[in-house]
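Me: I am new to protein structures and would like to learn how to read one. Could you walk me through it, feature by feature?

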Amino acid sequence: MNINTEKVRFSKNQQQAFDFLSDMENYRQLMPNDTKSFDIHESGNGFSVQIGALPKVGMRLKEKNPPTQIVFESPSPNFEYYLTINIDPVDDSNSEVGLEFDGRFNMMIEMMAKTPLTNFIETIAAKISQI
């Protein structure tokens, strides 16, 4: 299952955007309004979030390619998914950010998860554009 957002304008230059999105604490303000819990991993390299009636989902930092890309992965071996954040420069004070979610799920889980995951990823992008 692949979910890609439209690139959104971020009112930070590429390096500032990369630094902002590398700090797990900043994801707290990017979460949907119906977030039940948001916990940063004790290592500081990931977080878990529970939204609405969905089960808690984790994101673990897999790699950073400064200042253009941040990649998260599932912390659980039971589910394989990745969230890639691409940051493109626009000018000295703006960048564009696009999110790509790639999940390898069985058909039943994909049918149940596609709409909530799409809404989750699109909400993060929308909130980035409002900062």
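Reply: Gladly; we will go from the whole fold to single residues. Keep in mind that this is a predicted model.

Me: Let's start with the fold. How many helices and strands does the protein have?

Reply: A good habit is to count the elements and then read their order. Here there are two helices and eight strands. Going along the sequence, the order is β-β-α-β-β-β-β-β-β-α.

Me: What is the radius of gyration of the protein, and what value would a compact globule have?

Reply: The idea is to set the model beside an expected value for its length. A compact globule of 131 residues would have a radius of gyration near 14 Å, and the protein has 14 Å, so the two agree. Along the principal axes, its C-alpha atoms fill a box of roughly 45 × 30 × 25 Å.

Me: What share of the residues is buried?

Reply: Burial is judged by relative accessible area, with under 20% as the cut-off. In this protein, 43% of the 131 residues count as buried. As for the outside, the accessible surface is about 7,200 Å², and carbon and sulfur atoms hold 48% of that.

Me: Which residues touch the most other members of the largest nonpolar core?

Reply: Look for the residues with many partners inside the core. They are Leu21, Tyr27 and Phe72, in a core of 35 residues. Several elements each supply at least two core residues, among them strand S2 (8-10), helix H1 (14-22) and strand S8 (94-104). Helix H2 gives the most, with seven residues.

Me: Which residues does leucine 21 contact, beyond its neighbours within four places in sequence?

Reply: Such a list shows which parts of the chain meet. For leucine 21 the partners are Phe10, Tyr27, Leu30, Ile70, Ile85, Ile87, Val97 and Ile128. Across the whole protein, counting contacts with a separation of 6 or more, 47% join residues 24 or more positions apart.

Me: Now a single residue. Is glycine 98 buried or exposed?

Reply: Compare its relative accessibility with the cut-off. Glycine 98, in strand S8, has 8% relative accessibility and therefore counts as buried. Leaving out residues up to four places away in sequence, glycine 98 touches Thr5, Lys7, Thr84, Ile85 and Asn86.

Me: How far apart in space are glycine 98 and phenylalanine 79?

Reply: Sequence and space are two separate rulers. These two residues are 19 apart in sequence and 23 Å apart in space, C-alpha to C-alpha.

Me: And where do the charges sit?

Reply: One simple check is to compare mean positions. The protein has 12 positive and 18 negative charges, and their mean positions are 4 Å apart.

Technical notes:
Residues are numbered from 1 along each chain as its sequence is written. This is a predicted model: local features need pLDDT of at least 70, side-chain atom pairs count only at pLDDT 80 or more; totals for chains, interfaces and linings use all residues. Side-chain values use heavy atoms; hydrogens and water are left out. Helices (H or I, at least four residues) and strands (E, at least two) are DSSP runs, numbered from the N terminus. The radius of gyration is taken over C-alpha atoms; the globule rule is 2.2 Å times the number of residues to the power 0.38. Buried means under 20% relative accessible area, exposed over 50%, partly exposed in between (1.4 Å probe, protein chains only). Contact means heavy atoms within 4.5 Å. Accessible areas come from the Shrake-Rupley method with a 1.4 Å probe; for residues, only the protein chains shown count as cover. Lys and Arg count as positive and Asp and Glu as negative; His and the chain ends are not counted. The place of a charge is taken as NZ of Lys, CZ of Arg, CG of Asp or CD of Glu. A nonpolar core is a set of buried Ala, Val, Leu, Ile, Met, Phe, Trp, Tyr and Cys residues joined through side-chain atoms within 4.5 Å.
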